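Work through the exercises below with the coordinates open. Each task is followed by its solution.

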Amino acid sequence: MGNWQHKVQYYETDQMGIVHHSNSIRWFEEARTWMMDEMQFGYEKMEALNILVPVLEASAKYISMVKFGETVEITTHISQFTGVKMVIEYEIRDLVSGELRTTGQTKHAFLDKNSYRPISLKRNHKEIYDLFHAILDK
């Protein structure tokens with residue numbers, strides 16, 4: 001879907017200047033938020049429509065270390081979408097060398113903001129369903 005860039009901050013590293021593994025999940029969120037904004041369906045618009053998209057599951061595979069001062073590029077891709085749930089896959093690469101650093105995915109559900117019950121975008125928000133489906137097909 002797209003690419004988000006992140007410059008590694010000192011506070012994200014350990015004493016050796018290597019990024020702590022937990023930051024990858026945060027970077028996934030940054031990239032996901034950017035992707036949703038690029039789709040014209042950011043969190044503000046979702047919440048205005050009483051839709052929540054919580055994370056149900058998150059995983060990451062660490063391939064090589066990221067260090068202080070480096071800039072990484074996070075690629076996002078919606079790999080599964082049903083209108084009730086979706087899966088987003090991520091690749092974190094060094095911006096300069098292109099070296100793959102981390103891969104991962106997050107799983108999400110679409111919930112009604114008031115009842116916290118799952119909703120079907122296809123049934124309740126067809127225009128949003130079509131937007132996600134068009135992204136999935138690319």
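A residue is buried when its relative accessible area is under 20%, exposed when it is over 50%, and partly exposed in between. The model is predicted.

**Exercise 1.** State what share of the chain's residues is buried, then describe the fold in outline.

Step 1. The chain has 138 residues, and buried ones make up 39% of them.
Step 2. List the elements: four helices and seven strands.
Step 3. Read them from the N terminus: β-α-α-β-β-β-β-β-β-α-α.
Step 4. Take the contacts with a separation of 6 or more: 65% of these join residues 24 or more positions apart.
Step 5. Add the extent: along the principal axes, the C-alpha atoms fill a box of roughly 50 × 30 × 20 Å.

**Exercise 2.** Classify Tyr-10 as buried or exposed, and locate it.

Step 1. Tyr-10 sits in the loop between β1 (2-7) and α1 (23-38).
Step 2. Its relative accessible area is 61%.
Step 3. The cut-off for exposed is over 50%, so Tyr-10 is exposed.
Step 4. Check a distant partner in sequence: Lys-67 is 57 residues away along the chain, yet 9.1 Å away C-alpha to C-alpha.

**Exercise 3.** Find which residues form the patch of negative charge on the surface.

Step 1. The patch gathers Asp-37, Glu-38, Glu-44 and Glu-47.
Step 2. Two elements, α1 and α2 (43-48), each give two or more residues to the negative patch.
Step 3. Place Asp-37: it belongs to helix α1.
Step 4. Asp-37 has a relative accessible area of 43%, so it counts as partly exposed.

Terms used. Residues are numbered from 1 along each chain as its sequence is written. This is a predicted model: local features need pLDDT of at least 70, side-chain atom pairs count only at pLDDT 80 or more; totals for chains, interfaces and linings use all residues. Side-chain values use heavy atoms; hydrogens and water are left out. Buried means under 20% relative accessible area, exposed over 50%, partly exposed in between (1.4 Å probe, protein chains only). Patches are made of residues with over 30% relative accessible area and no salt bridge: like charges are joined within 9 Å, nonpolar side chains (Val, Leu, Ile, Met, Phe, Trp, Tyr) within 5 Å. Accessible areas come from the Shrake-Rupley method with a 1.4 Å probe; for residues, only the protein chains shown count as cover. A salt bridge is a side-chain nitrogen of Lys or Arg within 4 Å of a carboxyl oxygen of Asp or Glu. Lys and Arg count as positive and Asp and Glu as negative; His and the chain ends are not counted. The place of a charge is taken as NZ of Lys, CZ of Arg, CG of Asp or CD of Glu. Contact means heavy atoms within 4.5 Å.
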